[in-house]
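Trainee: Could you take one buried spot in this structure and go over it closely? Please then follow the parts around it, one step at a time.

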Amino acid sequence: MKRFLVLLAAAASAAQAADYAMGADLSFLKQAEDRGTVFKEDNAGKPGLEIFRNHGYNWIRLRLFHTPTQLPNNLEYTIALAQAARKLGFQFLLDYHYSDTWADPAKQFIPKAWEGMSHAQMVDAVFTYTRDTTAAFREAGVLPDMVQIGNEITNGMLWPDAKLPQYWDNFADFLKAGIAGVEAGKGSLPRPRIMIHIDKGGNWAATKAFFDRLATYHVQFDVIGQSYYPWWHGSINDLRENLIHTIREYHKDVIVVEAAYNWTPGNYRNKPAPFPETPEGQKEFWEEVNRTVQAAPDGRGIGVFWWEPAVGGGRGGRGFFDKDGNVLPVITVFDKFTRH
């Protein structure tokens, strides 16, 4: 009986932790540290994952490429990083790109291993690959808590076979194959929640057009993921309006699964910025995005993820670390929600 109560308490604690994702896509973190990057806080070097965990981050997002040649994000690398994160208590969102390299609204390259396949063969390949990789994560003790089938798939995936708006039927086939693969690979464990991720954070009309059409195919998924970079996707108010309409229309949980902002001048050199491109302005942006998602209707705004905050000291003005490797003020945004 005592063991049952302990398990029950652990389950309740896990469910509570899953209520709101304070997350980061840390797909490059292991590569950076393997190459000698030292992430610091107050000039003291610390493992990057620990810095995020110590400031309330509870979810990690990791991308997976099929057979990458230029980037580290293959199955072995991703499993190792997921294991390191899980040891620290992170929950895990797996981002299938279904490509050997970056997949986004401007490009969705078929993996080299699948080139020349018929549509039916590629549907089977999506299922088999997703099943086998999901099983590999499960066998390594890191079955994802959530899985996104494709990355920023507003314009489809696996081009040209499922490029939108031309080939919706093919696109739906791939989504269903991926979801079935997760189901088949999870074994006896609970199925990870399924996310559909597009890049229209501030655009309700485009969001509605996509999900209205998707609904006609009866694809079974749980969470709507949005990217939100204000220089591409609109104002904070646009994001707020989109979240409200999306939740009321589809009754789904929503996560801003990619967001970022510069701490040094970058995207707003030639036009007025919504927030200063400074360390404090970056922090203010993240506070406002988080506030907007937390205020979404019916408690269905369930999390936020920063895209690639740990790219190494001085590499890119959208990261969380300055040129000396010290973490910036933005790291403290979740402190007030998690410390007591």
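**A helix residue, the cores and the strands**

Mentor: Phe 171 is found in helix α6. The model you are looking at is a predicted one. Phe 171 has a relative accessibility of 0%, and buried means under 20%, so this residue counts as buried. Setting aside residues up to four places away in sequence, Phe 171 touches Ile 153, Gly 156, Met 157, Ala 162, Leu 164, Phe 210 and Leu 214. For a sense of distance, take Arg 339: Phe 171 and Arg 339 are 168 residues apart in sequence, and their C-alpha atoms are 44 Å apart in space.

Next, the core. In soluble globular proteins, nonpolar side chains tend to be buried together. The largest nonpolar core in this model has 91 residues, and the members that touch the most other members are Phe 52, Phe 171, Phe 210, Leu 214, Trp 286 and Phe 320. Helix α6, residues 168–185, supplies the largest share of this core, with 8 residues. There is also a second, separate core of 10 residues, which includes Trp 59, Leu 93, Met 146 and Ile 302. Keep Leu 93 and Met 146 in mind, since both are named as members of that second core.

These two residues lead to the strands. In strand β6, Met 146 is the bridge partner of Leu 93. The strands concerned are β5, residues 91–96, and β6, which run parallel and are joined by 4 bridges. Between them the chain crosses from β5 through helix α5, residues 119–139, to β6, and this β-α-β crossover is right-handed.

Look at β6 by itself. It covers residues 146–149; Met 146 and Gln 148 point one way, Val 147 and Ile 149 point the other way, and all are buried. Strand β5 can be read in a similar manner. Gln 91, Leu 93 and Asp 95 point one way from β5, Phe 92, Leu 94 and Tyr 96 point the other way, and all are buried. With 6 of its 6 residues buried, β5 is therefore largely enclosed by the rest of the structure.

Strand β5 also pairs with β4, residues 59–64, in the parallel sense over 6 bridges. One example is Arg 63, whose bridge partner in β5 is Asp 95. The link from β4 to β5 involves helix α4, residues 75–87, and the three elements make a right-handed β-α-β unit.

Now stay briefly with the loop between β5 and α5, where His 97 lies. His 97 has a relative accessible area of 3%, so this residue is buried. Its side chain reaches the backbone nitrogen of Ala 103 at 3.1 Å. Leaving aside neighbours within four places in sequence, His 97 is in contact with Arg 63, Leu 64, Phe 65, Trp 102, Ala 103, Gln 108 and Asn 151. Arg 63 has thus come up twice: as a contact of His 97 and as the bridge partner of Asp 95.

Return to β6 and follow its pairing with β9. Strand β9 covers residues 193–198, and 3 bridges join β6 to β9, which run parallel. Val 147, for instance, has Ile 194 in β9 as its bridge partner.

From β9 we can go on to β10, as 4 bridges join these two parallel strands. Ile 198 stands opposite Gln 226 in β10. Helix α7, residues 204–215, belongs to this step, since β9, α7 and β10 make a right-handed β-α-β unit. Strand β10, residues 223–228, has 6 of its 6 residues buried, so it is largely enclosed by the rest of the structure. Val 223, Gly 225 and Ser 227 point one way from β10, while Ile 224, Gln 226 and Tyr 228 point the other way.

A further pairing is that of β10 with β11, residues 253–259, in the parallel sense over 6 bridges. Here the bridge partner of Gln 226 is Val 256 in β11. Gln 226 is therefore a useful residue to find on screen: Ile 198 stands opposite Gln 226, its partner in β11 is Val 256, and as part of β10 it belongs to a strand that is largely enclosed because 6 of its 6 residues are buried.

Definitions and conventions: Residues are numbered from 1 along each chain as its sequence is written. This is a predicted model: local features need pLDDT of at least 70, side-chain atom pairs count only at pLDDT 80 or more; totals for chains, interfaces and linings use all residues. Side-chain values use heavy atoms; hydrogens and water are left out. Buried means under 20% relative accessible area, exposed over 50%, partly exposed in between (1.4 Å probe, protein chains only). Two strands pair if DSSP finds at least two bridges between them. A crossover is right-handed if, with the strands pointing away from the viewer, the path from the first strand over the helix to the second runs clockwise. A nonpolar core is a set of buried Ala, Val, Leu, Ile, Met, Phe, Trp, Tyr and Cys residues joined through side-chain atoms within 4.5 Å. A polar contact is a pair of N or O atoms within 3.5 Å; within protein, one must be able to donate a hydrogen and the other to accept it, and residues adjacent in sequence count only if both atoms are side-chain atoms. Contact means heavy atoms within 4.5 Å.
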